[in-house]
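Visitor: I'd like to learn how to read metal sites and cysteines in a model. Could you walk me through one?

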Amino acid sequence: MAIVLDQNISRSVGEIDRMLQSFQKTYERAGFEADWPALLHNDYRLNDERVQIAIIDQNGILKSSSLMLQPTVRIDLSDRVHFTVHAKSAADELFVSKPVLGRASNKWSIQLTRRLSGPGGAFHGVVVVSMDPAHLSRIYGGLTLGDGGGIAVVGTDGIVRAGTGIYSSWLGRGFMEGNRTDGAMHDEGHSNLSYETFRGAKQIVATRNLDKYPLNVAVAAPDIDARPDWQKKRQTYLTGATVLSMLVLAAMLAMLVTGRLHEAQIVQMAQQDALTGLANRLAFRDKLQQSYDAFAEGQTFALHLLDLDGFKSVNDTYGHPFGDKLLLAVADRLRTNLRQTDFTARLGGDEFAILQDKLRDEEAVGLLAQRICDALSAPYEIDGTRITIGVSIGIALAHKDAYSMTTLMTAADLALYAAKADGRGKYKYYNDAMNAAAKARRDIEAGLRDALKWDQLEVHYQPIMSIATRKTTAFEALVRWRHPVRGLVPPFEFIPVAEATGLIVQLGEWVLRQACRDMATRDSSIKIAVNFSPIQFKESGLVQMVEDTLKTSGLAPERLKIEITESTLMKRDSRTINHLKALKALGIQIAMDDFGTGYSSLSYLHTYPINCIKIDRSFVMCLGESEGAAAIIKAITSLATSLKMSTVAEGVETAEQLEALAGLGCTEAQGFYFSRPMPASDILPPMFQAERPELASLAPAA
Ligand code: C2E
Ligand code: MG
Ligand code: MG
């Protein structure tokens, strides 16, 4: 029973000690300045008035306590042992005070304390958790050990901190004084049995020294020989003691704190990621600092930054509880694939980091990264559903890429970006070109903001022709950036940056407004096709924005065609679908752009309200060279016909291509063969007839 109680008390004291340590950490992190009243109020709200927290400054004056956040009177505690002990010694150790009678409250309390250290270890004060020993006693009091029985918690100084049964009146007294034996306390983690006489009856006393804390526990029970039934009841006693221990632990935990502290305690002083149990960002930063310090002394290491591929769509599709389980599974696989010296953390969302420490050769870095790629991309079985995701990894090496901890992080981040951009599921080492590319991206981003502000964007228009009538049926709006230095910048250079930074929302709106305005005054039989990015479909106000733009420009909704790509539909989230349906309900047409380059799931075509398929240029380009291209185009056009959709062939450059497309059943065509994209001023003047005889002569006879 002494052993069970030892474990139990150790755990309870451990909880309190972790709370003290979390105060120390908080103080350190706050740069040795902390708003204690606010901290106590917000983070450490206690749900039991028998426990209190107090902060004492280096002069022994109470700064704040959970009972009195802002002390109104000066309370001097500099003579208290729990203050002087820490003021005198630089050691960072837990101190458990003797029970003391409160100066104001006239109540007993025990203090568990730790030192607050400032820069260079200077003494900055003491953090105190105090509790009522009667409370402890009461918890143990439920255990009936018979007439001569009792439990005591005793300090290494031999003074009783808490007691029940025969020890209940020993509080604050020496355990040895009351005890009639010479039995001294013993080595750490060891138990001792002795026989005593209590009120004439023989009793047995088990004492045990707590492993980690300066405490002993003593259990006294009526002597076995004197109580013949004790042997028989042994099992019952032990079971009772175990149950009691659980109760004690539960009571201690409940006693501690509510809210954030509770969480912080349970998740180990906020160093652990609550979901996966891996280290969190904070712990990661500490560890990175350690590795970096060791690196300064010649110990090199590698930093791997991980980002899961395809996690977001799993989360969107199956919901967050499912996503959480997936993250747990990922964390497990990371754990099993790492060595003791590797450190892994979840930085947030679907981002993880690995610190590969004590690196001997660089080869080990690539091997680890590959092992992680393989491990994480194997299928998962979650709630009976089999799913597959992947991971991209960016690697930075301390001895190559780090001038500082920050440069190391940035390098790994850039490498991760490059791994993502290079098709995912890969690992990449940082190199200097990545930095240059990042700078170019930043320049483009900054430039784009200016472009939107200073009207440097233009919309060019490319006609889409009916193959049968050779008349212009629509113009596609294609954005251009007239850069003051670089001249006309094509969209492939800046659209991806605009998408990555979210600027695409503003840009897309601007293009739509410009295109509607340009077309509203032109031939009303010609439609205007505008490209929409998947990012725009995440905006809740998308449909309203389109409706407003149509209204202000006066363009009929039937004349607007919105071009989307398959990646828009791959998200499968309800917002996108609802947007598409609402747009269609307004009378707007939806075209599927670049068809054949993505996943080309045919299910998109009947699930979504699509009116038109644009066959990607890559197929048109191969016409006449590969038979496959013609077969694919034929398949697409017949599918479209049966689904009552029109087809536009993109990138038509020659008469032969146009002829072939006509033969394959394509309804419309677009490409340099007819016209390059042109500024609005160069296309047909407003209200001009759509037919262009000179183009008709270029086209082969139908
Ligand atoms: P897209 O929507 O597939 O546009 C067609 C692209 O093919 C245009 O390139 C056009 O100039 C080019 N093209 C047309 N005919 C031919 C041809 O015969 N031969 C060749 N080689 N190319 C031809 P551009 O203007 O560079 O636009 C590239 C892409 O940028 C567009 O592909 C579209 O995805 C995107 N984009 C352009 N403007 C916008 C916009 O306002 N918003 C969004 N979200 N994306 C845009
Ligand atoms: Mg397009
Ligand atoms: Mg296209």
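**Metals and cysteines**

Guide: The magnesium ion (ligand 2) and the magnesium ion (ligand 3) sit 4.1 Å apart, with D593 coordinating both. This is a predicted model, where local features need pLDDT of at least 70, side-chain atom pairs count only at pLDDT 80 or more, and totals for chains, interfaces and linings use all residues. Residues are numbered from 1 along each chain as its sequence is written, chains are lettered from A and ligands numbered from 1 in the order in which they are written, and side-chain values use heavy atoms, leaving out hydrogens and water.

Visitor: Which protein donors does the magnesium ion (ligand 2) have?

Guide: Donors are N, O and S atoms within 2.8 Å of the metal (3.2 Å for Na, K and Ca); water is not among the atoms, so sites may look incomplete. Here they are E476 (OE), N531 (OD1), E563 (OE) and D593 (OD), at 2.0 to 2.2 Å from the ion. Along the chain, their spacing reads E-x54-N-x31-E-x29-D.

Visitor: Are N531 and D593 buried or exposed?

Guide: Buried means under 20% relative accessible area, exposed over 50%, partly exposed in between (1.4 Å probe, protein chains only). D593 is buried, at 6%, while N531 is partly exposed, at 29%.

Visitor: And how many disulfides does a search of the whole structure find?

Guide: A disulfide is a covalent bond between the sulfur atoms of two cysteines. The cut-off is a pair of cysteine sulfur atoms within 2.5 Å. Searching the whole structure gives 0 disulfides. For C612, the nearest cysteine sulfur belongs to C666, 9.3 Å away. C612 counts as buried because its relative accessibility is 0%.
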